[in-house]
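Q: Could you take a close look at one strand in its sheet, and then set that part against the rest of the model? I would like a single connected account that I can follow residue by residue.

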Amino acid sequence: MSQQNQHQPNLKWLDDPQVFRVNALPAHSDHCWYRSSQEAAAQQSSFRKSLNGHWQFNYAKDPRQISQNFAEVTFDSSNWDDIQVPGLIEFAGYHKFHYINTLYPWEGHHFRRPAFTTASKQDAQGQFSQAPDNPVGQYRKHFHVPVAWQNQTVRVRFEGVQTAMYLWLNGHFLGYAEDSFSPHEFDLTPYLAKDDNVLAVAVFNASTASYLEDQDMFRFFGIFRDVTLLAQPQVHLEDISLRPVPSSDLQSGTLTIQAQTVGTLAGVTAAVAVKDATGKSLWQTVTSLDQIQSGILAQTTFQQIRLWSNDEPYLYQLQITLHDATGHVLEVIPMVFGFRRIEINSNKVMLLNGQRLIIKGVNRHEWNATSGRVITSANMDQDIAIMKANNINAVRTSHYPNHLTWYDRCDQQGIYVMAENNLESHGTWQKLGVVEPSDNVPGNLSQWQAAVLDRAQNNYQWLKNHTSILWWSLGNESYAGTDIAAMETYYKQQDPSRLVHYEGVFHRPEFKNRISDLESRMYASPDEIETYLQNNPSKPFILCEYMHSMGNSVGGLQNYMILLTKYPMFQGGFIWDFIDQAIAVKDEISGQTVFRYGGDFDDRPSDYAFSGDGLLFADRTEKPAMQEVRYYYGKF
Amino acid sequence: MANSKPLQIIYGDGTLGVTGPNCHYIFNYSRGGLESLVYAGKEWLYREPKPTFWRASTDNDRGNGFPQKASQWLGAELFSVVKEIALQVNQKPISLPLAPANNRYTAQEFAEEIQISFTYKTSTVPTTQVTVTYTVRSTGQLHVQAHYHGNHQLPELPRFGLEFVMPTLATGFKYAGLSGETYPDRMAGGVSGTYQIQGLPVTPYLVPQDNGIHMASHWLQISRQSTKDNSDLNRIPFQLKFSQGQKPFAFSALPYTALELENASHQEDLPLPRRTVVTILGAVRGVGGIDSWGADVAPAYRIPGDQDIIFDFNIAGV
């Protein structure tokens, strides 16, 4: 259940998979809004204020050791430490680094089973809220809102907090959120003070969400992405949905703009302008918002369109300007969109813009060797540049939604995105290499369904306007059941313009007609692929993971590439993966910067160097195998 | 008095010395092998070259259990010994001239060509033979051939070649072949050309493992500027060139042996680099990549134990 209007926090939410968001604002499109077109051109919004930087911090070893009343304005935090936001608590030195693959991070330390599986009621109660192994990061941040924001609605956006967060403003409880890799927003307005304000956050290392976030990676916690204050004008477009749809002959295209408004709409108009990539005006219209709470804001057809693709990522520019009844600008919203069509034809071949699509892809974790999953703009720019230089045309956001601006970059550079949900639960069904799903979540469990649907919704709503996204991916290695089927249904209902992908249905063929438009495998050998393709295949085939680039590897790429010429329904795949996940430390003996992996931090049990599978080393230099990727990906 | 035959032979009590134009070789009977290789007064060997079978396990090797299957070759890498030495002078076999038979020679012995072969017995079960044949030609050039005798009871080999450990660190190397690090199943992207490499770079895989192989190479020139000779303070660079025989070869030029790499779990575990290890390979196992937990290298890129491997190359000063 998505709980609204809860005024008191409850630690038991950590133990209940049915509670995953409390009072959080609904997920919406990731558009930016500005006070003027000048601001929009400069990409400097006076409606935004970053809260990144120094925060006060207290590390509690477990929930019982939390500093009580820490959210109160009068709380004395003078002896607290200072921490950088965004930042991970492990990198700040409070908590041990830990890398482990399928096993849950408490393996060998605590016995746990997911609530509503084989766990007794007693085991489920307090499993996280009273756990001695569940440290808590307590944060406090003082801030002022700009004078210009007086009387405006103000929210705070946390773009990434792992694993479960409780939030207060000036001592008032605001809400609770899980789903570590999606933004969460909370309305600050009711409790906002004119001068000094104190935001307080308690970030828990683990909750029932941990069962859904068992990604094969270093396990971290903390506020690891941007924190931003956002004000909004009296009337504001809360959500925008762009639907650029090419005609069947791909010559013309229709753009439909849907919007959800907030505020008092009387007399407010929206001026909509579309320009081509060079800035030439193509279309302008003005719509009165009087009647539009939620619905179509504007629609038009362009007789001659240019299509968006990897070769030519052609983007049209859209600007929506809201004016009040007196003609004053309320907000300016610049967006981009491209026309492209992804489909499966009658021969069961996946087409982009009418042509067979070949995925020359790579899986990418967000990684920086000195800050973990806190990555910089420069890191993202470099990653895109490396992909372009090596003929990589597609990325799977393994295995969680990425930094919001990553998708902007992919739109602009023509990188096809498989946008994956934050979901991986292989520790509940893949045990010692055997499929053993007796305590699998989400499975068919009604008590877990809302949580995974919320993740699907977060992923869809925030990212839906990105042309680069061709596929929604339901998650990774989470087995399959009615809950994941419900995620598929959600995407199908929301979005007819994209395909849905999920590999895990491989283990449950009875769900194949309900889950995934593509036949997806991981690490299938060339022979196994041929076996599928020669036996009346029902779906186009892709490899969501292949060519495991651990250490000195990526031999035999040719044996996959020749299948591309033999079978139209073989449509390529995503190499595992882009960058080694290793941590840069100063060697205790030599003083040199060296790279460390699982087990190097007394973290046990561990899967050691198994997170070092990149085409890049952890410092982003290319491994020698990259020239082979560049060669074969350049040939197709 | 000048002799028309270019090679002077020194029929010693423990070694066979060969002096040629600007070069000098010493083959050691008791240690088994080429103990000294000198061009222009500079020593190029730290220890006798020896057959190499082992490569530092890759993550893929570990994942598919290859090191367990091939572990005999680790023993062979370390403990194979020379069991037989055969000598030809001017292409005529002669009995090994050990004392007192060598009393019949003088200080003025010359030849057109010397060929000496060392046959190693591998420390495997069953054992097999590797014959390394050195031929010093009248030009002073050294021709080397290595011959692995296949045995159907022996497992696949991690690699087969000859390892040359040189006394000091090279300053770099130059080669004609393919760009970058290549393996038989990962060489399509390599671009043909001549490449100059600074130092002896080790590819810094998270866990040290086999690295730095260059497939399909025509020649390799190693450059050094220091020796271990305490009386030699000269720092003018000097070079040694390996060039292909009948077919191009694969090589690596690293500061470490396969065993040093195998033993390290992190780059910082590797010892301080102090020598040059050049490995000239006649057979290289692919790296694979289907996965890292069981899938083997494709059959075409494995090295079967039951088939003979013969390859050759030349060595000369520059």
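A: Strand 17 of chain B runs antiparallel to strand 18 (residues 238-244) of chain B, and six bridges join the two. In this pairing B:Arg224 of strand 17 has B:Phe238 in strand 18 as its bridge partner. The model is a predicted one, and every statement here should be read with that in mind.

Strand 17 of chain B also pairs with strand 14 (residues 172-178) of chain B, again in the antiparallel sense, over five bridges, strand 17 itself covering residues 219-224. Here B:Ile222 of strand 17 is the bridge partner of B:Phe173. The two faces of strand 17 of chain B can be told apart: B:Leu220, B:Ile222 and B:Arg224 make up the covered face, whereas B:Trp219, B:Gln221 and B:Ser223 lie on the uncovered one. B:Ile222, the bridge partner of B:Phe173, therefore belongs to the covered face, as does B:Arg224, the bridge partner of B:Phe238.

These pairings belong to a wider sheet in chain B, which is open, has 10 strands in the order 8-7-10-11-12-21-18-17-14-15, and pairs them in the antiparallel sense. Its edges are formed by strand 8 (92-94) and strand 15 (192-198) of chain B, and because each has a single partner strand, one side of each is left without a neighbour in the sheet. On average, and with direction ignored, neighbouring strands of this sheet are turned by 20° against each other.

Chain B also touches chain A, in a contact that takes 34 residues from chain B and 32 residues from chain A. On the chain B side, the residues of this contact divide into 12 nonpolar, 15 polar and seven charged.

Turning to chain A, its domain assignment gives domain 1 (2-232), domain 2 (235-337) and domain 3 (354-579 + 613-635). The C-alpha centres of domain 1 and domain 3 of chain A lie 28 Å apart, and the contact between them draws on 38 residues of domain 1 and 37 residues of domain 3. Helix 3 (209-212) and strand 14 (217-218) of chain A each provide at least two residues on the domain 1 side of that contact, a side with 19 nonpolar, 11 polar and eight charged residues.

Elsewhere in chain A, helix 6 (residues 446-463) packs against helix 7 (residues 482-494) at an angle of about 30°, with the axes 9 Å apart, and the crossing of the two helices of chain A is right-handed. Among the residues that make the contact are A:Trp448, A:Val452 and A:Tyr460 of helix 6 of chain A, and A:Ala486, A:Met487 and A:Tyr490 of helix 7 of chain A. By class, the residues of this contact are nine nonpolar, three polar and one charged.

A last residue to inspect in chain A is A:Glu39, which is placed in helix 1 (residues 37-42) of chain A. A:Glu39 counts as buried because it has 20 C-beta neighbours inside 10 Å. Leaving out residues up to four places away in sequence, A:Glu39 touches A:Tyr34, A:Gln44, A:Ser45, A:Ser46 and A:Val332. Of these contacts, A:Val332 is 293 residues from A:Glu39 in sequence, yet their C-alpha atoms are 8.5 Å apart in space.

Note on methods: Residues are numbered from 1 along each chain as its sequence is written. Chains are lettered from A and ligands numbered from 1 in the order in which they are written. This is a predicted model: local features need pLDDT of at least 70, side-chain atom pairs count only at pLDDT 80 or more; totals for chains, interfaces and linings use all residues. Domain bounds come from an automatic or database domain assignment. Two residues are in contact if their C-beta atoms, placed from the backbone, lie within 7 Å. Helices (H or I, at least four residues) and strands (E, at least two) are DSSP runs, numbered from the N terminus. Ala, Val, Leu, Ile, Met, Phe, Trp, Tyr, Cys and Pro count as nonpolar, Asp, Glu, Lys and Arg as charged, and the others, Gly among them, as polar. Two strands pair if DSSP finds at least two bridges between them. Axes are lines fitted to C-alpha atoms, for helices over the stretch in contact, and angles run from 0 to 180 degrees between N-to-C directions. A residue is buried if 20 or more other C-beta atoms lie within 10 Å of its own, exposed if 12 or fewer, and partly exposed in between; C-beta atoms are placed from the backbone. A crossing is left-handed if the near helix is turned anticlockwise from the far one by less than a right angle, and right-handed if clockwise.
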